[in-house]
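Let's take a walk through this structure together, starting with one helix and working outward. Keep the viewer open as you read.

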There are 2 protein chains.
Amino acid sequence: MRHFAPLSTAEAGAYGLRDDAASLSVPPGRELVVTKDMMAAGVHFFAEDSAQTIGRKILRANLSDLAAMGATPRAYAMGLALPADMPSNWLEEFAAGLAADQIQFGVTLIGGDTIRAPGALTLSITAFGEVPLGQALLRSTAQVGDDIYVTGTVGDAALGLLAVEGGLAMLSAAERSALVSRYHLPQPRTEMGKQLIGLASAAIDISDGLAADLGHLCAASEVGARIEVDAVPLSPAVRTASAADSKLLAQVLSGGDDYELLITAPPTVAAELGEAAGNADVTLSRIGALHDGTGVTVTGADGENMNFASAGYSHF
Amino acid sequence: MRHFAPLSTAEAGAYGLRDDAASLSVPPGRELVVTKDMMAAGVHFFAEDSAQTIGRKILRANLSDLAAMGATPRAYAMGLALPADMPSNWLEEFAAGLAADQIQFGVTLIGGDTIRAPGALTLSITAFGEVPLGQALLRSTAQVGDDIYVTGTVGDAALGLLAVEGGLAMLSAAERSALVSRYHLPQPRTEMGKQLIGLASAAIDISDGLAADLGHLCAASEVGARIEVDAVPLSPAVRTASAADSKLLAQVLSGGDDYELLITAPPTVAAELGEAAGNADVTLSRIGALHDGTGVTVTGADGENMNFASAGYSHF
């Protein structure tokens, strides 16, 4: 409470976290977008990860969901189940991480609950964003003929997890470190998300893996997708690792936790989308197109279709 | 997902729980009220409690917070951290309990996240209600001279917990069972809460205990409270138990989990408040008044002030 109340001052309706609930008014012509994620130590992060990183990771995962809806982030409520044996400065560090992200992403804590955890440290965040009324971006509204885009680079988080676990000896320490930080601290594409309203036909964020999340979008929109593996944007470290061990490419395409945006849009808005990406200071790569059909086809450098042992990625 | 998607159909903006987030539009002149609670097995309920009851208990605790703000319940998002060893029909039973409460209280599931729990079953619910813009009831707006009211009866849940633990041998099995069901399944005063807008000067729900929550309201409003112990409404079972063991009265006044509403209002609206309680089909008892001062004073049947060893109740 002492650590969290200072995080609530920017929303008067949070009542300093001292009332039964918060009030949240929405300007005329706007509506709220609401998303909720839960994470537990030993499943989504390591209990020994830095306290600052743990809070930011779940907050950013939520902000990524808001970005995929085209929403401008605004506020969040947080539930925290704390084991009895946390270090005395843990809450202070945890709150400091959230404070930094509140400034970076323009969100305010408006409520929550802290309880004792009989088991592992468990967090839940419900995040709130705003969109123009009725204009939230969905997964289900992509059209045959639309181009498929992805922001940033793909596979860094999946290979980052391998690096955390002691793998990727072919990379330099600096390269491994770059991947690990992508795993620990995703960069939600908040600025790009906002700009997609009126341009994108559909969007989803990559949390389960590029192949799986594109599959979700295709299923929801009742279309098929073809992407070219050579067009998938890779960071230098991922490129080096995959060149040394071609089996890693499957991890790159199917690994989770990237929190990039997967976007579909008609070819007519290609220039405007590129401009939006420039404004948002994010790279945007066209990786394929949607066709009348089902499922996701990945075309390799040799022009042949690639097969994946795993269609996706799951925390279970 | 299979069990939860059917709970989302009444809100189109839930997108069948199949998108990244939900959309929640608020009618003009209204605003949202947002509250979040977290509960864990072994702390707030017993892991062996019925699956139907566990979900309803946390949902109702949230609905009680909304009632204390004068909000009309509308929707909720839920996080669920599930241990690996849950019985196969657990989720089905859990969802059935929520489905029943959705009908009873007029709320709809709009999103959530289910994860694997390395520790105890942990739940988090964020609930959404609506109030007229700017009219949410706070704890901090009570005035000197206001009357203090409480809905229903007080102490049932605290004694219900004693009964669960094998105590209260002086009661009949039926009386113990009545108390236990109040402990397991609170009755949030949703209908009464809605009607308090424009009548009550402040409100809080009794989750930490009558004495402690009245103390919270007094501290927030910078007033003092005097209540008469004989005016505090008791159920027949609690009356019988306290008559047999006068030490139980302290538990009744300081025990938690009642989820009744504690309301303050000027004497001028006494008749209207009584009418509102009639409309909401809930008993309403005047238990005292606010004065210029601090803290909570309880006057005993002998006219002397009572002292409590414990000023409140805490889950920790």
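This is a predicted model, and a good place to start is a helix in chain A. The buried residues of H6(A) pack against five strands and a helix of chain A: strands S6 (147–151), S7 (202–205), S8 (224–228), S9 (261–265) and S11 (296–299), plus helix H8 (248–254). H6(A) itself covers residues 210–221, so to speak a 12-residue helix, and spans 16 Å from first C-alpha to last, close to the 16 Å expected at 1.5 Å a residue.Nine of those 12 residues are buried, so H6(A) is largely enclosed by the rest of the structure. Among the buried ones are Leu210(A), Leu214(A), Leu217(A) and Cys218(A), along with Asp213(A) and His216(A). Just past the helix comes Glu222(A), which has a positive phi, near 55°.

Now zoom out to the whole of chain A. The domain assignment splits chain A into domain 1 (5–132) and domain 2 (147–306). Their C-alpha centres sit 26 Å apart. Where they touch, domain 1 of chain A contributes 19 residues and domain 2 of chain A contributes 17. On the domain 1 side, the elements giving two or more residues are helix H1 (51–68), strand S3 (72–82) and strand S5 (122–132) of chain A. H1(A) gives the most, with 11 residues. By type, that side of domain 1 of chain A divides into 10 nonpolar, four polar and five charged residues.

Next, bring in the second chain. How does chain B relate to chain A? A rotation of 180°, with 0.0 Å of shift along its axis, superposes chain B on chain A at an RMSD of 0.0 Å. That is the relation of a two-fold axis. To find the axis from the chain B side, look for Gly119(B): of the residues of chain B, its C-alpha comes closest, at 1.8 Å.

The contact between the chains takes 53 residues from chain B and 53 from chain A. On the chain B side, the elements that give two or more residues include strand S1 (22–24), helix H1 (51–68) and strand S4 (108–116) of chain B. The largest share, 10 residues, comes from S2(B). The side of chain B that touches chain A divides into 30 nonpolar, 12 polar and 11 charged residues. Since 100% of the interface residues of chain B are also interface residues in chain A, the copies meet through the same surface.

One last detail is a pairing that crosses between the chains. Strand S2 (residues 30–40) of chain A pairs with S1(B) in the antiparallel sense, over three bridges. For a spot to click on, try Val34(A), which stands opposite Ala22(B) in S1(B).

Methods:
Residues are numbered from 1 along each chain as its sequence is written. Chains are lettered from A and ligands numbered from 1 in the order in which they are written. This is a predicted model: local features need pLDDT of at least 70, side-chain atom pairs count only at pLDDT 80 or more; totals for chains, interfaces and linings use all residues. Domain bounds come from an automatic or database domain assignment. Two residues are in contact if their C-beta atoms, placed from the backbone, lie within 7 Å. Helices (H or I, at least four residues) and strands (E, at least two) are DSSP runs, numbered from the N terminus. Ala, Val, Leu, Ile, Met, Phe, Trp, Tyr, Cys and Pro count as nonpolar, Asp, Glu, Lys and Arg as charged, and the others, Gly among them, as polar. Copies are superposed by least squares on the C-alpha atoms of residues with pLDDT of at least 70 in both. The expected span of a helix is 1.5 Å times one less than its number of residues. A residue is buried if 20 or more other C-beta atoms lie within 10 Å of its own, exposed if 12 or fewer, and partly exposed in between; C-beta atoms are placed from the backbone. Two strands pair if DSSP finds at least two bridges between them.
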